[in-house]
Amino acid sequence: MKNNCVFCAIAAGEIPSFKVYEDDEFLAYLDINPFSEGHILVIPKEHYENLLDVDEEVLKKLIVRVKKIARRATTALDADGFNILQNNGEAAGQTVKHIHFHIVPRKNGERLVFENTSGDMEKLKALAERLKF
Ligand code: 5GP
Ligand code: ZN
């Protein structure tokens, strides 16, 4: 596995994912253990470990993709808002050392603890179909 990195493997298509967006440089897919319905991860296909490490031109393009995908998710899921999370370092809860932004759609009145839940593969598959663009 390139860079011994699970997200590089997803970007290379070596590990399957429920994709919602892809272009030459970036990829977005559903988090397999979501915090909420429609929890999406957005990554550059190139490997950078974290926010301090990422090339600035790549970062600029990445955040524009995050915005575009968040808009799509909000519309498709009829969400009332969303959180953007981006963890750097183990101390901050980063478990995959390939920079990623989390998009966590939110509904009014929904209580949420930012903890991973066990994803239902059938539901994730159906959700990815709704979100894909
Ligand atoms: P971090 O804690 O590093 O900010 O977030 C890593 C996220 O990646 C977690 O929410 C975890 O559920 C997700 N994740 C880990 N491995 C995989 C995988 O193989 N596929 C997908 N779709 N998500 C993954
Ligand atoms: Zn990687």
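Phenylalanine 7 lies in helix H1. The model is predicted. In it, phenylalanine 7 is buried, at a relative accessible area of 7%. Leaving out residues up to four places away in sequence, phenylalanine 7 touches Tyr29, Leu41, Ile43, Val96, His98 and His100. Its C-alpha atom is 8.5 Å from that of lysine 97, although 90 residues separate the two along the chain.

**The pocket**

Phenylalanine 7 also belongs to the lining of the largest pocket, among the residues that lie nearest its centre. The others named there are Asp31, Ile32, Asn33 and Leu41. In total, 21 residues line this pocket. Its volume is about 420 Å³. Helix H1 (6–11) and E2 are the elements that give two or more residues to the lining.

**The zinc site**

Which residues hold the zinc ion (ligand 2) as protein donors? They are Cys5 and Cys8, each through SG, and His47 and His98, each through ND1. The donors lie 2.0 to 2.3 Å from the zinc ion. The site is tetrahedral, with angles of 104 to 118 degrees among the four donor atoms. For four tetrahedral donors, the ideal angle is 109.5 degrees. The spacing of the donor residues in sequence is C-x2-C-x38-H-x50-H. Histidine 47 sits in the loop between E3 and H2, and histidine 98 in the loop between strand E4 (81–85) and E5, so the pair ties together parts that are 51 residues apart in sequence.

Are these two histidines buried or exposed? Histidine 98 is buried, at 0% relative accessibility. Histidine 47 is partly exposed, because its relative accessible area of 25% falls between the 20% and 50% limits.

**The cores**

The largest nonpolar core has 23 residues. Val20, Leu30, Ile40, Val42, Ile69 and Leu131 touch the most other members. Two or more residues come from each of strand E1 (19–22), strand E2 (26–30), strand E3 (40–44), helix H2 (56–77), strand E5 (101–106) and helix H3 (121–131). H2 gives the most, with seven residues.

Leucine 131 shows how these parts meet. Beyond its neighbours within four places in sequence, leucine 131 is in contact with Val20, Leu30, Gly38, Ile40, Arg72, Ala73, Ala76 and Leu77. A second, separate core has ten residues, including Phe7, Ile10, Ile43 and Val96.

**Leucine 85**

Leucine 85 is placed in strand E4. This residue is partly exposed, at a relative accessible area of 24%. Not counting residues up to four places away in sequence, leucine 85 touches Phe35, His100, Phe101, His102, Val104 and Phe114. Between leucine 85 and leucine 41 the C-alpha distance is 9.6 Å, with their positions 44 residues apart in sequence.

**Backbone and exposure**

Most residues other than glycine have a negative phi. Asparagine 4 is not a glycine, yet has a positive phi of about 50 degrees. Asparagine 4 lies in the segment before H1. Aspartate 78, also not a glycine, has a positive phi of about 55 degrees. Aspartate 78 is found in the loop between H2 and E4.

The table lists relative accessible areas for residues discussed here.

| Residue | Relative accessible area | Class |
|---|---|---|
| Asparagine 4 | 70% | exposed |
| Phenylalanine 7 | 7% | buried |
| Histidine 47 | 25% | partly exposed |
| Aspartate 78 | 59% | exposed |
| Leucine 85 | 24% | partly exposed |
| Histidine 98 | 0% | buried |

Technical notes: Residues are numbered from 1 along each chain as its sequence is written. Chains are lettered from A and ligands numbered from 1 in the order in which they are written. This is a predicted model: local features need pLDDT of at least 70, side-chain atom pairs count only at pLDDT 80 or more; totals for chains, interfaces and linings use all residues. Side-chain values use heavy atoms; hydrogens and water are left out. A nonpolar core is a set of buried Ala, Val, Leu, Ile, Met, Phe, Trp, Tyr and Cys residues joined through side-chain atoms within 4.5 Å. Buried means under 20% relative accessible area, exposed over 50%, partly exposed in between (1.4 Å probe, protein chains only). Helices (H or I, at least four residues) and strands (E, at least two) are DSSP runs, numbered from the N terminus. Contact means heavy atoms within 4.5 Å. Donors are N, O and S atoms within 2.8 Å of the metal (3.2 Å for Na, K and Ca); water is not among the atoms, so sites may look incomplete. Four donors count as tetrahedral if all angles lie between 85 and 135 degrees; four count as square planar and six as octahedral if opposite donors are over 155 degrees apart and all others between 65 and 115; anything else is irregular. On a 1 Å grid over the protein atoms alone, a cavity is a set of points where a 1.4 Å probe fits but cannot get out, and a pocket is an open set with protein on both sides within 12 Å along at least five of seven lines; lining residues have an atom within 4 Å of a point. Grid points are joined across faces, edges and corners, and a volume is the space filled by probe spheres set on the points.
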